[in-house]
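Let's take a walk through this structure together, one piece at a time. Keep the viewer open so you can click along.

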Amino acid sequence: MPLSRSLSMTSLSGLLSQWEEDELPVEDLLLFEVSWEVTNKVGGIYTVIQTKAKITVDEWGENYYMMGPYFEHNFKTQVEGCEPPNPAIRKAMDALINNGCQVHFGRWLIEGSPYVVLFDIGSAAWNLDRWKGDLWQTSHIGLPYHDREANDSLILGSLIAWFFKELTDQLGDKPSVIGHFHEWQAGPGLILSRSRKIPIATVFTTHATLLGRYLCAGNADFYNNLDKFNVDKEAGERQIYHRYCLERAAVHCSHVFTTVSQITAVEANHMLHRRPDVVTPNGLNVKKFSAMHEFQNLHSTSKMRIQEFVRGHFYGHLDFNLEKTLFFFIAGRYEFSNKGADIFLESLSRLNYLLRVHKDDVTVVVFFIMPAKTNNFNVESLKGQAVRKQLWDTAHTVKEKFGKKLYDALLKGQIPDMNTILDRDDFTIMKRAIFATQRHSLPPVTTHNMLDDSTDPILSNVRRINLFNSRTDRVKIIFHPEFLSSTSPLLPMDYEDFVRGCNLGVFPSYYEPWGYTPGECTVMGIPSVTTNLSGFGCFMEEHVSDPTAYGIYIVDRRFRSADESCNQLTQFMFSFCQQSRRQRIIQRNRTERLSDLLDWRYLGRYYVHSRHLALSRAFPDKFKVDPMAPLKTDGFRFPRPYSVPPSPSASIHSTPHHSDVEDDEDYDEDEEAEKDRLNIKSPFVLGSVGNNENPGQSGDSH
């Protein structure tokens, strides 16, 4: 089933259109954003609410509050306690505190410093049975005693509904209150608030449907059978029926239902039986550099650090040219099929074959950054870094001695005898260092000792495709089953620095409602592979006419078989390997210029629209939205550029044996950027898109 094409409202590089949404009277409103991940990092929703905080605070000021569960450690390390600026909030908190439920208030120490109201679930747990009864009377949803997460979400929801009741009683008719709830864990608060007729406008956002994630994790042919699933039966068989009911009830109780991407909107329509009112894509806080070459310099610096790690990891087998080595990576939760690690590994096997057949001098080192169960670092990996450091120290010692003798000889006006400038001891030291690099085993595939080595999906597939880092392999694999940290003794790099040092991020996901990883690559100027089953891939397909030219490779996993998708991914990677260094630099520049598309300053407009819509439905006498008017969040789609520079993959040499030497052509970064600004500027005007069947053409298109 083809996806509906929504239209973007952004252009690039400072030329984004002015948005004409009616301003909300925020001084007469209070906005509360509810999530289990406020000050509590569990998954990707934490990134959404944390990065979005600054633009929301800029818009709402002291009328914006976040709500979530209280965890003592998180509060002490991330929150600065203070008094609420609004006396009505203080009174509502006191009403709960006087009844034995602890509530904490402060500023979350992130960019924007938003206010947070945090509820202590443990202090209110004695009410659980009563509140379960209330939920059953309200919605006939029963929660089993053994599901701790569902029970905790009910306690949090009951406290939040209680808080909203006390708050609205204090406020009266003004200011109006908006409650924005994220994911099913926040659902009970919305359900109870609506069932008790508390006068608040509600928005519910699902970042991924519960059932969708479970079905995809079970290798179901999900997207081809969306309309065939018996959702109640599937949820029951997976023992998540009560959670599914909470999610579905929250969706149907909310005034406005939103989701993060078009692909998730299709999924939600079938799984939850309500079409989302607004799609609210996830953004990032994009920090632009004053000069284009600055992020290229960061790439070079980080790449050198990765090269140092590779020198140690492959000691004794370092018979490939690191200057002609490309670094690919995949990162995220360890969901083998959902994240596309299965087709990635198969494609790497095919890429290895192609590079060997073409006798290419390019080597690809692939990192898998996915946390799994381990008991410690691999001894062989630690030894490799120790050997590398010892070699460096030896070389440095000999260099110092060589340099001093050379300096003394030149001062005397002599050309030193190179045969005598180093004595026998120096040669002995160097020979011992060389002998220390001898290795009788292959470089390890994994950097840690795995607890489930024999059944681990990645390692099992590495054995199947026989990629063991042998000398003849042009594709080398390093599985790092732990998130990166600058304090690691093995690969001391933060994730951001590591991404900057890589050449290509590969995320061929089957189930990815949004996908922050390729988005993070884009804002850092690193090309990436995504799919048309990820929210990010759909977003880029809709907003950029030729994504490949800008370093966004989109694998078709929706309308092609797994084998065809593997071949397409292999071809993308092989074409990337054929690029010259200059072509990769130009492509990184283009990729980085797409970062404006992902900036919260522009994507935050979708959230503004959803709040306005919720207010108009909750308080129709006070707030109006013309139901016949086109959505304010509809606008532009970038047409196919009439003079877009050729895609690097389309302009590769006809033979794989091309030189990596710089081309002679002049390259002006400012001129290239200006060309893109002209190419990627929409000819559309607001309101005209609804009747235009071909978004690539309009009255003044080129």
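What follows starts with the sheet, moves to the helices around it, and ends with a few single residues and unusual backbone spots.

Keep in mind as you look that this is a predicted model.

Start with the sheet. It is an open one built from 9 strands, and if you walk across it you meet them in the order β3-β4-β5-β2-β1-β6-β7-β8-β9, with mixed pairing. The strands at the edges are β3 (79-81) and β9 (278-279); each has a single partner strand, so one side of each is left without a neighbour in the sheet. In general, strands in a sheet pair through backbone hydrogen bonds, running either parallel or antiparallel.

Both senses turn up here. At the β3 edge, β3 and β4 pair in the antiparallel sense over 3 bridges, and V79 has W108 in β4 as its bridge partner. Next along, β4 and β5 are also paired in the antiparallel sense, over 5 bridges; one pair to look for is R107 with Y115 in β5. These two strands make a hairpin with 6 residues between them, and G112 in the turn has a positive phi of about 100°. As for how covered β4 is, 5 of its 6 residues are buried, so the strand is largely enclosed by the rest of the structure.

Now jump to the β9 edge. Here β8 (residues 256-259) and β9 pair in the parallel sense over 2 bridges, and T258 has V278 in β9 as its bridge partner. Staying with the sheet, helix α5 (residues 148-171) packs on it, touching β1, β2, β5 (115-119), β6 and β7 (200-206), and its direction makes about 170° with that of β6. Another helix to find is α1 (residues 44-60), which lies across β1 (29-34), β2 (64-69), β4 (103-108) and β6 (176-182) and runs at about 155° to β2.

Follow the chain out of α5 and you come to a nice detail. The loop between α5 and β6 holds P175, and the peptide bond from K174 to P175 is cis, with omega near 0°.

Helix α6 (residues 187-195) is worth a stop too. How much of it is buried? The count is 7 of its 9 residues, so α6 is largely enclosed by the rest of the structure. The buried ones are G187, P188, G189, L190, I191, L192 and S193, and they pack against α4 (128-139), α5, β6, β7 and α9. Just after this helix, things change: K197 sits in the loop between α6 and β7 and counts as exposed because its relative accessibility is 71%. Its phi is near 55°, a positive value in a residue other than glycine.

K197 has company in that respect. H273, in the loop between α10 (262-271) and β9, has a positive phi of about 60° although it is not a glycine. With a relative accessible area of 42%, H273 is partly exposed.

Since α9 (residues 241-253) came up as a packing partner of α6, have a look at α9 itself. At 1.5 Å a residue, its 13 residues should span 18 Å, and the end C-alpha atoms are 18 Å apart, which agrees. Its buried residues include charged-looking names in your sequence view: H242, R243 and E247 are among them, along with Y244, C245 and L246.

Next comes helix α11 (residues 293-313), through two of its residues. S302 is in this helix and is buried, with a relative accessible area of 5%. Its side chain reaches the backbone oxygen of D497 at 3.1 Å. Beyond its neighbours within four places in sequence, S302 is in contact with M493, D497, R500 and G501.

R311 belongs to α11 as well, but it counts as partly exposed because its relative accessibility is 31%. Not counting residues up to four places away in sequence, R311 touches L318, L322 and R388. R311 and R388 are 77 residues apart along the chain, yet their C-alpha atoms are separated by 6.8 Å.

Finally, a word on the cysteines. C216 is buried, with a relative accessible area of 2%, and C577 also counts as buried, at 1% relative accessibility. How many disulfides does the structure hold? The number is 0.

Note on methods:
Residues numbered from 1 in each chain as written. Predicted model: local features only at pLDDT ≥ 70, side-chain atom pairs only at ≥ 80, totals over all residues. Heavy atoms only, no water. Helix = DSSP H or I, 4+ residues; strand = E, 2+ residues; numbered from the N terminus. Buried < 20%, exposed > 50% of the residue type's maximum accessible area, 1.4 Å probe, protein only. Contact = heavy atoms within 4.5 Å. Pairing = 2+ DSSP bridges. Axes fitted to C-alpha atoms, helices over the stretch in contact; angles between N-to-C directions. Expected span 1.5 Å × (residues − 1). Polar contact = N/O pair within 3.5 Å; in protein donor to acceptor, adjacent residues only side chain to side chain. Disulfide = S-S within 2.5 Å.
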